[in-house]
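Reader: Hey, got a minute to walk through a model with me? I'd like to start with how the helices pack and then jump around a bit.

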Amino acid sequence: MDRIVITGGAPLNGTIPIFGAKNSALKLQAASLLSAEPLMLENMPDLADTRFMAQLLITLGVDVTWIKETHTLRLHAADIVSTIAPYDQVRKMRASFNVLGPLLARAGHATVSLPGGCAIGARPVDLHLKAFEAMGADIVIEQGYVKAAALRGLKGAEIDFPFVSVGATEHAMLAAVLAKGDTVLKNAAREPEIADLADCLNAMGAKVEGAGTSEIRIQGVTSLSGAKHAVVADRIEAGTYAMAAAAAGGNVLLSGARFEHLGAMIKFLRDVGVTVEAEGRGLRIVRKVNGRLKATDFETEAFPGFPTDLQAQAMALMSLAEGRSRIKETIFENRFMHAPELARLGAQIAVHGNEAIVTGVDKLIGAPVMATDLRASVSLVIAGLAAEGETAVNRVYHLDRGFEKLEAKLVGVGAQVARQREEEAA
Ligand SMILES: CC(=O)N[C@H]1[C@@H](OP(=O)(O)OP(=O)(O)OC[C@H]2O[C@@H](n3ccc(=O)[nH]c3=O)[C@H](O)[C@@H]2O)O[C@H](CO)[C@@H](O)[C@@H]1O
Ligand SMILES: C=C(OP(=O)(O)O)C(=O)O
């Protein structure tokens with residue numbers, strides 16, 4: 001397996017381009033199933049996850065063309081040839097479950113494997129299924145598969161989510177756009193990726209209003225057309241490189257990063273002593289290398305709160321801050337797997353249930369570590385950039401799920417980072 005080797009200590013200076021958001025792209029890909037006409041997705045990140053989703057779509061009958069030079073993906077679902085999403089294709093990537101709603105809406109039935117257990121928590125899909133039932137679908141779970149049918153079509157419904165779920169909000173939208181009548185989603189998630197999906201669906205002829213607020217209203221239409229849509233900038237990728245610059249020191253422009261999508265993270269960085277300013281179509285991050293950052297407490301929350309997908313990266317930063325930081329993870333029940341790996345570099349972190357107490361240390365020292373999930377992996381890269389000596393991050397396939405050109409982007413701003421291929425690493 002490949003690994004990433006980082007020699008810490010170099011400050012980061014220059015510009016890092018921010019690409020399209022994985023977490024939006026995957027749902028936009030699923031939206032292509034709703035129309036018999038082509039969907040052109042621009043600013044498409046080329047990631048293991050988006051490639052994987054494309055493979056699943058091919059299985060279902062979608063014609064897929066990557067136009068690599070322009071980061072464009074053309075998806076054409078002229079005919080749905082299969083409504084079965086097999087175990088092997090859904091267990092490996094949770095977001096592939098999102099084909100269920102569009103298949104149900106377009107073809108009237110679908111059989112989709114339950115998504116695989118993931119390292120960060122149990123992650124059930126009960127809210128997704130309740131939303132489809134409210135829209136009139138019959139659902140049974142048999143042999144690990146969700147079998148859903150709405151042979152006379154889905155009906156609009158009022159769905160009041162008991163708690164905020166990004167995936168269930170998006171999935172309900174993906175089905176409701178072709179339902180008969182009106183759907184109202186209450187206590188909907190407000191993440192920027194939801195508004196991005198609504199914009200794309202509306203460009204395809206859907207009638208979605210209120211995305212980005214906690215109440216989304218959808219007027220069903222009988223069919224959707226093709227469209228062209230550019231994937232929103234990845235706020236998690238931007239936040240990750242902001243934390244990297246904060247940890248290593250330096251002056252970095254994150255071009256394409258959206259200030260308005262990163263409010264909680266910007267407040268956190270400013271509180272700990274990093275300068276963050278909007279500049280042109282991006283964000284400027286400046287951290288003077290002399291002096292330590294100040295520890296601060298934070299907890300993860302649904303948008304506009306501090307994103308759980310930046311918790312590991314912020315923990316890496318707090319490992320080197322002056323004082324103690326209390327970090328509470330409120331979204332996933334098992335998302336501190338990076339803590340023992342950060343400890344290998346000398347971080348002092350005590351985990352009690354959903355809280356971690358980080359006591360900042362003067363310095364971290366490079367060591368071999370293991371990536372456990374996507375954001376955990378990149379937190380180890382951030383720690384490695386600030387540590388003395390060499391850090392080798394193993395199992396980097398997790399990183400490849402969500403960070404396109406990670407090493408090149410970091411090397412481009414002066415970091416010493418290289419990927420060792422399996423044969424070299426052996
Ligand atoms: C591909 C993608 O976009 N992934 C993101 C999405 O995941 P995902 O959409 O899976 O996250 P959710 O917002 O749905 O999950 C929030 C919480 O609700 C629980 N839950 C969710 C659905 C359900 O039917 N039942 C239930 O109990 C989950 O286990 C979790 O504890 O939002 C998360 C929260 O911002 C991010 O960390 C993920 O990166
Ligand atoms: C948890 C994540 O992704 P997924 O929901 O696809 O597992 C993530 O992007 O951090």
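**Helix packing, a ligand and some odd backbone spots**

Author: Sure. Lys-22, Ala-25, Leu-26 and Gln-29 of H1 make contact with Asp-49, Thr-50, Met-53, Ala-54 and Leu-57 of H2. Keep in mind that this is a predicted model.

Reader: Ok, what's the chemistry of the residues in the contact of H1 with H2?

Author: That contact splits into 5 nonpolar, 2 polar and 2 charged residues.

Reader: And at what angle do the H1 and H2 axes cross?

Author: Roughly 10°, and the axes come within 10 Å. H1 covers residues 22-31 and H2 covers residues 48-60. Angles under 35 degrees count as roughly parallel, so H1 and H2 are roughly parallel to each other.

Reader: What about H6 and H7, at what angle do they pack?

Author: About 10°, with the axes of H6 and H7 10 Å apart. H6 and H7 are therefore roughly parallel to each other.

Reader: Which residues make that contact?

Author: From H6 there are Thr-169, Glu-170 and Met-173, and from H7 there are Ile-194, Leu-197, Ala-198 and Leu-201. By type, the contact of H6 with H7 has 5 nonpolar residues, 1 polar and 1 charged.

Reader: Stay on H7 for a sec. How many of its residues are buried?

Author: 9 of its 12 residues are buried, so H7 is largely enclosed by the rest of the structure. The buried ones are Pro-192, Glu-193, Ile-194, Asp-196, Leu-197, Ala-198, Asp-199, Cys-200 and Leu-201.

Reader: What covers them?

Author: The cover over the buried residues of H7 includes H1, H6 (166-176), strand S12 (207-209), strand S14 (227-230) and H8 (235-248).

Reader: How far does H7 reach, end to end?

Author: H7 runs over residues 192-203 and reaches 17 Å from its first C-alpha to its last, close to the 16 Å expected at 1.5 Å a residue. H7 is followed by Gly-205, which has a positive phi near 105°.

Reader: Switching topic: which residues are closest to ligand 1?

Author: Asn-23, Leu-127, Ser-165, Val-166 and Gly-167 are the closest, out of 19 residues that surround ligand 1.

Reader: Which helices supply the shell around ligand 1?

Author: H1, H5 (126-134) and H6 each supply at least two residues of that shell. The shell around ligand 1 has 10 nonpolar, 6 polar and 3 charged residues.

Reader: Next up, Gly-384. Where is the place of Gly-384?

Author: Gly-384 sits in helix H12, residues 374-386.

Reader: Is Gly-384 buried or exposed?

Author: Gly-384 has 30 C-beta neighbours inside 10 Å, so Gly-384 counts as buried. Leaving aside neighbours within four places in sequence, Gly-384 is in contact with Ile-6, Gly-8, Gly-366, Thr-391 and Val-393. Gly-384 and Val-417 are 33 residues apart in sequence, and their C-alpha atoms are 9.4 Å apart in space.

Reader: And how many residues of H12 are buried?

Author: 13 of the 13, so H12 is largely enclosed by the rest of the structure. At 1.5 Å a residue, H12 should span 18 Å, and its end C-alpha atoms are 19 Å apart, which agrees.

Reader: I always check backbone geometry before I set anything up. Which peptide bond is cis?

Author: The one from Phe-303 to Pro-304 is cis, with omega near 10°. Pro-304 is in the loop between strand S18 (298-299) and helix H10 (311-318).

Reader: What's phi of Arg-123?

Author: Near 50°, a positive value in a residue other than glycine. Arg-123 lies in the loop between strand S7 (109-113) and H5. Arg-123 counts as partly exposed because 16 C-beta neighbours are inside 10 Å.

Reader: And phi of Arg-395?

Author: That one is near 60°, again positive in a residue other than glycine. Arg-395 is in the loop between strand S23 (390-394) and helix H13 (397-400). With 16 other C-beta atoms within 10 Å, Arg-395 is partly exposed.

Reader: Last one: where is Gly-136 found, and what does Gly-136 touch?

Author: Gly-136 is in the loop between H5 and strand S8 (138-142). Not counting residues up to four places away in sequence, Gly-136 touches Ala-150, Leu-154 and Lys-155. Gly-136 counts as partly exposed, with 17 C-beta neighbours inside 10 Å.

Note on methods: Residues are numbered from 1 along each chain as its sequence is written. Chains are lettered from A and ligands numbered from 1 in the order in which they are written. This is a predicted model: local features need pLDDT of at least 70, side-chain atom pairs count only at pLDDT 80 or more; totals for chains, interfaces and linings use all residues. Axes are lines fitted to C-alpha atoms, for helices over the stretch in contact, and angles run from 0 to 180 degrees between N-to-C directions. Helices (H or I, at least four residues) and strands (E, at least two) are DSSP runs, numbered from the N terminus. Angles under 35 degrees count as roughly parallel, over 145 as roughly antiparallel, 65 to 115 as roughly perpendicular and the rest as oblique. Two residues are in contact if their C-beta atoms, placed from the backbone, lie within 7 Å. Ala, Val, Leu, Ile, Met, Phe, Trp, Tyr, Cys and Pro count as nonpolar, Asp, Glu, Lys and Arg as charged, and the others, Gly among them, as polar. The expected span of a helix is 1.5 Å times one less than its number of residues. A residue is buried if 20 or more other C-beta atoms lie within 10 Å of its own, exposed if 12 or fewer, and partly exposed in between; C-beta atoms are placed from the backbone. A residue is near a molecule or strand if its C-beta atom, placed from the backbone, lies within 6 Å of it.
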